[in-house]
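Work through the exercises below with the sequence and the structure in view. Each task is followed by a solution in steps.

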Amino acid sequence: MLAEAMLREKARAAMLNGKLPRATPNRTFLAGAGTVVACAVCAELVTTDQAEIELQFTGEGVQPRLNRYHLHVWCFTAWKSERGCI
């Protein structure tokens, strides 16, 4: 796990680069065991021995879509903290 300050910096960068929304998600799930996908904040895999949070954002328009982001619990906390700072 990276230090809190580094995680907050990565979360801020992900939002500024458009890789992770700043908005409030339509749904947030504690998905349980990780699904071995890259975390949207730190880019490290969320392994099966780690808890995973899934953020879901619905898109409006002609072709509605569902965007999902997978995060470590500690990366979710950093993202949530940084959302109000940008």
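**Exercise 1.** Is Thr 58 buried, partly exposed or exposed, and why?

Solution. This is a predicted model, in which local features need pLDDT of at least 70, side-chain atom pairs count only at pLDDT 80 or more, and totals for chains, interfaces and linings use all residues. Residues are numbered from 1 along each chain as its sequence is written, and side-chain values use heavy atoms, with hydrogens and water left out.
- Start with the classes: buried means under 20% relative accessible area, exposed means over 50%, and partly exposed lies in between (1.4 Å probe, protein chains only).
- The relative accessibility of Thr 58 is 42%, so Thr 58 counts as partly exposed.

**Exercise 2.** Describe the surroundings of Thr 58.

Solution.
- Locate the residue: Thr 58 belongs to strand E2, residues 51–59. Helices (H or I, at least four residues) and strands (E, at least two) are DSSP runs, numbered from the N terminus.
- List the contacts (heavy atoms within 4.5 Å): leaving aside residues up to four places away in sequence, Thr 58 touches Asn 26, Arg 65 and Leu 66.
- Compare with Cys 75: this residue is 17 residues from Thr 58 along the chain, and their C-alpha atoms are 21 Å apart.

**Exercise 3.** Examine the backbone and exposure of Val 36 and Ala 43.

Solution.
- Val 36 sits in the loop between strand E1 (27–33) and E2; Ala 43 is also in the loop between E1 and E2.
- Val 36 is not a glycine, yet its phi is positive, about 55°.
- Ala 43, likewise not a glycine, has a positive phi near 70°.
- Val 36 has 44% relative accessibility and therefore counts as partly exposed.
- Ala 43 has 56%, so Ala 43 counts as exposed.
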